[in-house]
Every structure is written in C-alpha cells, then in structure tokens.
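Here is a short report on a ligand site and on several loop and backbone features. Look at the structure first, then read on.

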Amino acid sequence: MDFASSNINKYNEINHLVSARKNSFEVTFRMMELKEIQSDSLLEVAENKVLQAFRINKKEIFVEDDGLFIEALKDFPGVYSSYVNKTIGNVGILDLLGNKVNRNASFKSIIAFHDGNKIELFTGEIKGKIGFELTTGGWGFDPIFIPENSDLTFGQMDMKTKNQISHRKVALDRFLKWYQSQG
Ligand code: IMP
C-alpha cells in the first residue's frame, strides 16, 4: 500500500506502526508535494490531498493531514498548522501563548484513503498541553506538545513511546481495522 507525503517523519512513524501489526503488509513511501487547499476543515484538506495523490499514483493510496489546535488561541493554528510551523515555528507559538495559564491543546490526524472509487476518512486525536519552553528532540511541534498523562513532550519520547499514544496511531488503527476487514 502506498503512502504519499513530503514528510519522511510521518512515513517512519506509520511504517513502524504498520509493521508491528499481525498479518501486516508493506507501506511504500511516495514522496509528493501536495497542495494544501484553504479550508477550515482538516477533513476537506485531507480529502483534496488524497485526490491529488491518486491522480499521480493511479492506484490505491493514503495520505495523512494533521493539525495542532490550541484552546487559548481559539484553536489556532489548526488547519494552518503547516504554514505556521514553517513561518513562526515553535518559538512563535510560545511567544503567542506567553504566560497564559491555559495551555490546553489537541493534535488531530486525518487519514484519507482512495482506491479510485471511494474516499474513506479516519480521524485520531490526542489531548495535551503546550509546554512553557522548547525541548529537544522530535520534529514539527513535538518539542512543545506534552500529551496528557505525561511530563514529557513528544520530542522527548522515543518513537515507540510516541507511537503508543499519538493522534496518528489512533487514526491509523481505525484505518487499518477497516482496510483489513475489506479482505
Ligand atoms: P500537515 O499539514 O499534515 O503536514 O501537518 C501540519 C503540521 O503539523 C506540520 O507542520 C507538521 O510538521 C506538524 N505535525 C504533524 N504531525 C506531527 C507530529 O506528530 N508531531 C509534531 N508535529 C506534527
């Protein structure tokens, strides 16, 4: 099964999760720079991306789209997460939050699968908090996101630990359960 992304970190985590399953299959990385449409729905963004990916790949494929939603910032950066990560980055987010006491945030993942006929969408979410300072390790927002029931950021965890709880794992489990039930 093919997975399209421009982000090798996503593939590494997905590949690790898929290969740990029983009766598994191989996931092949298809490096693609897919356009992100402007929409206030992550689902719509993911749906549009998988259509682009299928047009290029011409066989079944899945993509994953994520967003970090910060309560005190009225769910910003949300669907703009990728842009915000590239522009103001983690330091910019910490600046925006300043010393706000409410650090609640959630990470959402949408997996979109397309086989040429139908598109299937699967969601995953993990709640947590934004730290007061950057930690080392990880990628993207990992150094500032502290998942619930943890004192460590995603950045401070090894992949195996992050993969037990992440938004990506939740969405992927739902997707694989459905996919494997299709026979
Ligand atoms: P994308 O639009 O799906 O690529 O994701 C939006 C932003 O969230 C990107 O800047 C990613 O780097 C970031 N992101 C997605 N998943 C994770 C994660 O598991 N850890 C840290 N950052 C992530």
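## The ligand site

A nitrogen atom of the ligand is 2.9 Å from an N or O atom in the side chain of Arg-168. The model is a predicted one. Lys-162 also approaches the ligand: a polar atom of its side chain lies 2.8 Å from a ligand oxygen atom. Asn-85 places a polar side-chain atom 3.4 Å from an oxygen atom of the ligand. Taken alone, the ligand exposes 480 Å², and 93% of that is buried by the protein.

The polar contacts of these three side chains are set out below.

| Side chain | Ligand atom | Distance |
|---|---|---|
| Arg-168 | nitrogen | 2.9 Å |
| Lys-162 | oxygen | 2.8 Å |
| Asn-85 | oxygen | 3.4 Å |

Where does the ligand sit? It occupies the largest pocket. How many residues surround the ligand? There are 16, and the closest are Lys-10, Asp-66, Asp-142, Lys-162 and Arg-168. By class, the shell holds 8 charged, 5 polar and 3 nonpolar residues. Which elements each supply at least two residues of this shell? Strand 3 (61-70), helix 3 (81-86) and helix 6 (167-181) do.

## From strand 3 to strand 4

Strand 3, one of the elements that supply the shell, is followed by a loop that leads to strand 4 (76-77). Ala-72 has its place in this loop. Its relative accessible area is 22%, so Ala-72 counts as partly exposed, the range between 20% and 50%. Ala-72 and Arg-103 are 31 residues apart along the chain, yet their C-alpha atoms are separated by 6.9 Å.

Lys-74 is in the loop between strand 3 and strand 4 too. Its phi is near 55°, a positive value in a residue other than glycine. Is Lys-74 buried or exposed? Its relative accessibility is 78%, so Lys-74 is exposed.

Next comes a cis peptide bond. It joins Phe-76 and Pro-77, with omega at about 0°. Pro-77 belongs to strand 4.

## Before strand 3

Lys-58 lies in the loop between helix 2 (42-57) and strand 3. Phi is positive here as well: the value for Lys-58 is near 65°, and the residue is not glycine. Lys-58 is exposed because its relative accessible area is 67%, and the cut-off is over 50%.

## After helix 3

Helix 3, another element that supplies the shell, is joined to helix 4 (89-97) by a loop that holds Thr-87. A polar atom of the Thr-87 side chain lies 2.7 Å from the backbone oxygen of Tyr-83. Thr-87 has a relative accessible area of 43%, so it is partly exposed. What separates the C-alpha atoms of Thr-87 and Val-101? The distance is 25 Å, with their positions 14 residues apart along the chain.

## A buried loop residue

Thr-153 is found in the loop between strand 7 (145-147) and helix 5 (159-165). Is this residue buried or exposed? Thr-153 is buried because its relative accessible area is 2%, and buried means under 20%. The C-alpha atoms of Thr-153 and Phe-107 are separated by 13 Å, and the two residues are 46 apart along the chain.

Conventions: Residues are numbered from 1 along each chain as its sequence is written. This is a predicted model: local features need pLDDT of at least 70, side-chain atom pairs count only at pLDDT 80 or more; totals for chains, interfaces and linings use all residues. Side-chain values use heavy atoms; hydrogens and water are left out. A residue is near a molecule or strand if one of its heavy atoms lies within 4 Å of it. A polar contact is a pair of N or O atoms within 3.5 Å; within protein, one must be able to donate a hydrogen and the other to accept it, and residues adjacent in sequence count only if both atoms are side-chain atoms. Accessible areas come from the Shrake-Rupley method with a 1.4 Å probe; for residues, only the protein chains shown count as cover. On a 1 Å grid over the protein atoms alone, a cavity is a set of points where a 1.4 Å probe fits but cannot get out, and a pocket is an open set with protein on both sides within 12 Å along at least five of seven lines; lining residues have an atom within 4 Å of a point. A molecule sits in a cavity or pocket if more than half of its atoms lie within 2 Å of its grid points. Helices (H or I, at least four residues) and strands (E, at least two) are DSSP runs, numbered from the N terminus. Ala, Val, Leu, Ile, Met, Phe, Trp, Tyr, Cys and Pro count as nonpolar, Asp, Glu, Lys and Arg as charged, and the others, Gly among them, as polar. Buried means under 20% relative accessible area, exposed over 50%, partly exposed in between (1.4 Å probe, protein chains only).
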